[in-house]
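Grab a pencil and work through these exercises with the structure open beside you. Try each task yourself before you read the solution.

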Amino acid sequence: MLGWLCLTFGIAFGSAVLPLISIELFVIGLVTQQPGISWWWIGLAVAVGQVLGKMFYFLAAKGSLRLPAFLRRAEKPAKPGKPPSPWRLRWRARLEWVRLRCHRHPRWMFGTHAVSSVVGLPPFMFTTVLAGLAGMSSWLFISTGMIGRFARFSVLAASPAALAGWLVH
């Protein structure tokens, strides 16, 4: 059982860092193939892995973590006499508008991040980066993420057994 939980933690961590991996599909497959593993332990392993993986994005957005050079986009020096493109100016203005709104209304970010950690809408990756940009405290980010992810994946892990029990009776 410990091996499966370590694998679950690793897949959850990997899916948090590289969003192309589907932890939801892995959890459903795991509980159908290994029904002896408690939904509670699976939910905990996934929550810890997901939140630890997302901490990289959160800390980078917050400015506490300097990304390696190959992950940073090099700023192109402005050519003399050529202003930035209208698209780049609009993108910078939108990002600054979102950042200011998040700073003005910190409770919105808390609520949005909490809902996202359970439901997945808005995407958890998006709210992770926004939480960092908004300057959410690390403690608040970790606690809301852990509680929400634990709830989401515990219910997901328990759902096949609950559904089978409901259909049989």
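**Exercise 1. Get an overview of the chain.**

Work out how much of the chain is buried and how it is built.

*Solution.* Step one: of the 169 residues in the protein chain, 28% are buried; buried means under 20% relative accessible area, exposed means over 50%, and partly exposed is in between (1.4 Å probe, protein chains only). A quick note on the source: this is a predicted model, where local features need pLDDT of at least 70 and side-chain atom pairs count only at pLDDT 80 or more, while totals for chains, interfaces and linings use all residues. Residues are numbered from 1 along each chain as its sequence is written, and side-chain values use heavy atoms, with hydrogens and water left out.

Step two: count the secondary structure, and you get seven helices and zero strands. Helices (H or I, at least four residues) and strands (E, at least two) are DSSP runs, numbered from the N terminus. The pattern along the sequence is therefore written α-α-α-α-α-α-α.

Step three: look at the contacts, where contact means heavy atoms within 4.5 Å. Taking those between residues at least 6 apart in sequence, 75% join residues at least 24 apart.

Step four: check the surface. The chain exposes about 10900 Å², and carbon and sulfur atoms supply 72% of that. Accessible areas come from the Shrake-Rupley method with a 1.4 Å probe; for residues, only the protein chains shown count as cover.

**Exercise 2. Describe helix H1 and the loop after it.**

How many residues does H1 have, and what covers its buried ones?

*Solution.* Start with length: H1 has 16 residues and runs 23 Å from its first C-alpha to its last, close to the 22 Å expected at 1.5 Å a residue. That expected span is 1.5 Å times one less than the number of residues.

Next, list the buried residues of H1: Leu5, Thr8, Ala12, Gly14, Ser15 and Ala16. Their cover includes H2, helix H3 (39–62) and helix H6 (124–134).

Now step off the end of the helix. Leu18 sits in the loop between helix H1 (2–17) and helix H2 (23–33), and Leu18 is partly exposed at 45% relative accessible area. Leu18 also belongs to a nonpolar surface patch with Val17, Leu20, Ile21, Phe56, Leu65 and Leu67, together about 610 Å² of accessible area. Patches are made of residues with over 30% relative accessible area and no salt bridge: like charges are joined within 9 Å, nonpolar side chains (Val, Leu, Ile, Met, Phe, Trp, Tyr) within 5 Å.

**Exercise 3. Find the salt bridge.**

Which residue pairs with Arg152, and where do the two partners lie?

*Solution.* The structure holds one salt bridge, meaning a side-chain nitrogen of Lys or Arg within 4 Å of a carboxyl oxygen of Asp or Glu. The partner of Arg152 is Glu24, and their closest N and O atoms are 3.0 Å apart. Arg152 lies in helix H7 (residues 138–168) and Glu24 in helix H2, so the pair ties together parts that are 128 residues apart in sequence. Why can such a pair form? Side chains of opposite charge can pair when their charged atoms come close. Finally, check accessibility: Arg152 is partly exposed at 21%, and Glu24 is partly exposed at 28%.

**Exercise 4. Explore H5, H6 and the loop between them.**

Is His113 buried or exposed, and what does His113 touch?

*Solution.* His113 lies in helix H5 and counts as buried, with 0% relative accessibility. Not counting residues up to four places away in sequence, His113 touches Phe124, Thr127, Thr128, Met136, Phe141, Thr144 and Gly145.

Compare another H5 residue: Val115 is partly exposed at 44%. Leaving aside neighbours within four places, Val115 is in contact with Gly120 and Leu121.

Move on to the loop between helix H5 (106–119) and H6, where you'll find Pro122. A cis peptide bond joins Leu121 and Pro122, with omega about -10°.

In H6, Leu130 is buried, with a relative accessible area of 11%. Beyond neighbours within four places in sequence, Leu130 is in contact with Val98, Cys102 and Met109. Just after H6, Gly135 takes a positive phi of about 80°. For background, most residues other than glycine have a negative phi, and most peptide bonds are trans.
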